[in-house]
Every structure is written in structure tokens, then in C-alpha cells.
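Subject: Structure handover and notes

Hi,

Here is the structure I promised to pass on to you. My notes come right after it, so you can read them with the model open.

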Amino acid sequence: MQLYEILLLGAALSADAFAAGMSDAAAWPRMPQSRCALIALTFALFQFFMPLLGYYCGAAFTSAVSAIAPYLSFALLAVLGGKAVLDWQRGGEQARTLHKKARLGAGKVLLQGVATSLDALAVGVALLAQDTAGRLPVHVVLCSALIGATTLALTGLGVRLGKAAGSRFEDGAQFWGGAVLVFIGFKLLFEGVL
């Protein structure tokens with residue numbers, strides 16, 4: 001495994017975090033910059049720690065979590081996204097007005113961080129296999145740091161794009177943000193089951 005492959009792996013792992021951050025910001029276009037940074041940092045930290053957890057706990061722990069990870073990711077994202085869509089649908093203009101004043105809670109961000117990073121546990125086992133074979137170019141902590149830094153950069157970009165799109169299409173942003181989270185949940189479920 002080469003260093004550029006670790007960066008590509010980080011980009012692939014951060015795709016779901018990018019989309020989730022983008023949908024969060026689109027649904028709340030007036031989000032303060034501190035919350036934007038918190039979203040990107042939270043997702044990056046999960047993408048940093050999950051490979052380390054998979055690496056140090058080994059195949060036994062990760063295989064147990066990997067078996068339920070697609071279902072757990074789907075459930076978390078479907079509930080969060082589905083609730084956003086239902087709230088938007090039920091309340092019409094009143095819900096949209098309230099949503100403009102709403103806050104994206106830390107609990108939701110943490111749940112999204114977990115849901116979008118569960119696949120990184122399996123990556124940790126893959127890194128362990130590469131390290132055992134002598135094919136890991138740098139220490140596993142640096143590999144995880146590269147994955148986390150890539151996630152931080154890409155999720156930060158996603159949040160900025162989401163804010164721009166949300167400001168422009170504010171009325172439907174909550175609906176589309178929730179729909180994207182549900183879609184990501186289905187994608188993770190299908191990837192894990194197939």
C-alpha cells in the first residue's frame with residue numbers, strides 16, 4: 001500500500017461525511033461558522049479513531065461490528081433524515097419558519113459521525129493486515145491521521161457548499177437534506193449487505 005492509496009482511501013471513506021455535512025448545512029443555511037467547523041471536526045475525529053479501533057481490536061471485534069454496521073448506519077441515518085422530511089411535510093410554512101431558527105444539535109451530529117464512520121472499523125483491520133505483511137508505508141496512527149485530515153477537508157467543503165445551496169433554495173432545503181441522509185443510509189445498507 002502506497003501513501004497516495006491511503007489518501008484515496010480517506011477520500012472514499014469521507015464521501016458519506018461530505019454528503020451528510022452538506023445536507024446539514026443546506027437544511028440550516030444560517031448556521032454559524034463555529035457549527036460548520038464542529039460538524040467537519042466531529043466527522044474527521046470519527047474517521048480518525050475508527051480505523052485505530054479496528055486496527056487495535058483486530059478482526060474478532062470488527063467482524064462482529066461489521067455484521068451489523070450496515071443496519072445500524074441505515075437505522076441512524078434513516079431516522080434522522082426521515083424525521084427532517086416528516087417535519088418539513090407536516091408543518092408546511094410554519095415548520096420551515098421554525099426550522100430557519102432551529103439548531104442542529106450535537107447529538108444529531110454525533111449520531112451522524114458514528115453512522116458515517118462504521119465502515120472505517122473494517123479499514124482498520126485492512127490496515128492491520130497490510131502492516132502485518134510489511135506493506136504499510138507509515139505507522140497506523142499516521143494513516144488514520146491522513147484519513148481524518150482528508151475527511152476534515154472534504155466535509156468542510158461539503159458544509160460550505162451546503163450552506164450556499166441552502167441559502168439559495170431555503171424552502172426545500174430541509175426536505176432535501178433529510179432525503180439525502182435517508183439516501184446515504186440506504187447506500188450504506190446496500191453496500192454492506194451486497
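Below is what I found, going from the overall fold to single residues.

First, the ground rules. This is a predicted model, in which local features need pLDDT of at least 70 and side-chain atom pairs count only at pLDDT 80 or more, while totals for chains, interfaces and linings use all residues. Residues are numbered from 1 along each chain as its sequence is written, and side-chain values use heavy atoms, with hydrogens and water left out.

**Confidence**

The mean pLDDT of the chain is 81, and 82% of the residues score at least 70; pLDDT is the predictor's confidence in each residue, from 0 to 100. Among the elements of the chain, helix α6 (residues 140–168) has the highest mean, 91, and α7 the lowest, 72. Please take care with residues 93–99, where pLDDT stays under 50 and the model has seven contacts beyond four places in sequence. Where pLDDT is low, the predicted coordinates should not be read in detail.

**Overall fold**

The chain has seven helices and zero strands, giving the pattern α-α-α-α-α-α-α along the sequence. Helices (H or I, at least four residues) and strands (E, at least two) are DSSP runs, numbered from the N terminus. Of the contacts in the chain with a separation of 6 or more, 92% are between residues 24 or more positions apart; a contact means heavy atoms within 4.5 Å.

The chain has 194 residues, and 43% of them are buried. Here buried means under 20% relative accessible area, exposed over 50%, and partly exposed in between (1.4 Å probe, protein chains only). About 9500 Å² of the chain is exposed, with carbon and sulfur atoms supplying 71% of that area. Accessible areas come from the Shrake-Rupley method with a 1.4 Å probe, and for residues only the protein chains shown count as cover.

**Nonpolar cores**

The largest nonpolar core holds 19 residues, and M31, I39, F43, L77, L104 and I184 have the most contacts inside it. By nonpolar core I mean a set of buried Ala, Val, Leu, Ile, Met, Phe, Trp, Tyr and Cys residues joined through side-chain atoms within 4.5 Å. At least two residues of this core come from each of α2, α3, α4 and α7 (170–193), and α3 gives the most, with six. If you want one residue to look at, try F43: leaving aside neighbours within four places in sequence, F43 is in contact with A17, A20, G21, V109, Q112, G113, T151 and T155. Another core, of 15 residues, lies apart from that one and includes L13, Y55, L136 and V140.

**The salt bridge**

Side chains of opposite charge can pair when their charged atoms come close. A search of the whole structure finds one salt bridge, taken as a side-chain nitrogen of Lys or Arg within 4 Å of a carboxyl oxygen of Asp or Glu. D16 forms this bridge with K187, and the closest N and O atoms are 3.0 Å apart. D16 lies in helix α2 and K187 in helix α7, so the pair ties together parts that are 171 residues apart in sequence. D16 is buried, with a relative accessible area of 4%, whereas K187 is partly exposed at 28%. Not counting residues up to four places away in sequence, D16 touches T116, I184, K187 and L188.

**Surface patch**

I68, Y71, L72, F186, F190, V193 and L194 make a nonpolar surface patch of about 740 Å². Patches are made of residues with over 30% relative accessible area and no salt bridge; like charges are joined within 9 Å, and nonpolar side chains (Val, Leu, Ile, Met, Phe, Trp, Tyr) within 5 Å. α3 and α7 each supply at least two residues of the patch. Y71, for one, sits in helix α3 and counts as partly exposed at 48% relative accessibility.

**Two more residues**

L9 belongs to helix α1 (residues 3–13) and is partly exposed at 22%. Beyond its neighbours within four places in sequence, L9 is in contact with V123 and I147. The C-alpha atoms of L9 and C143 are separated by 9.8 Å, with their positions 134 residues apart along the chain.

G105 lies in the loop between α3 (33–101) and α4 (106–117), and is partly exposed with a relative accessible area of 29%.

Happy browsing, and best wishes
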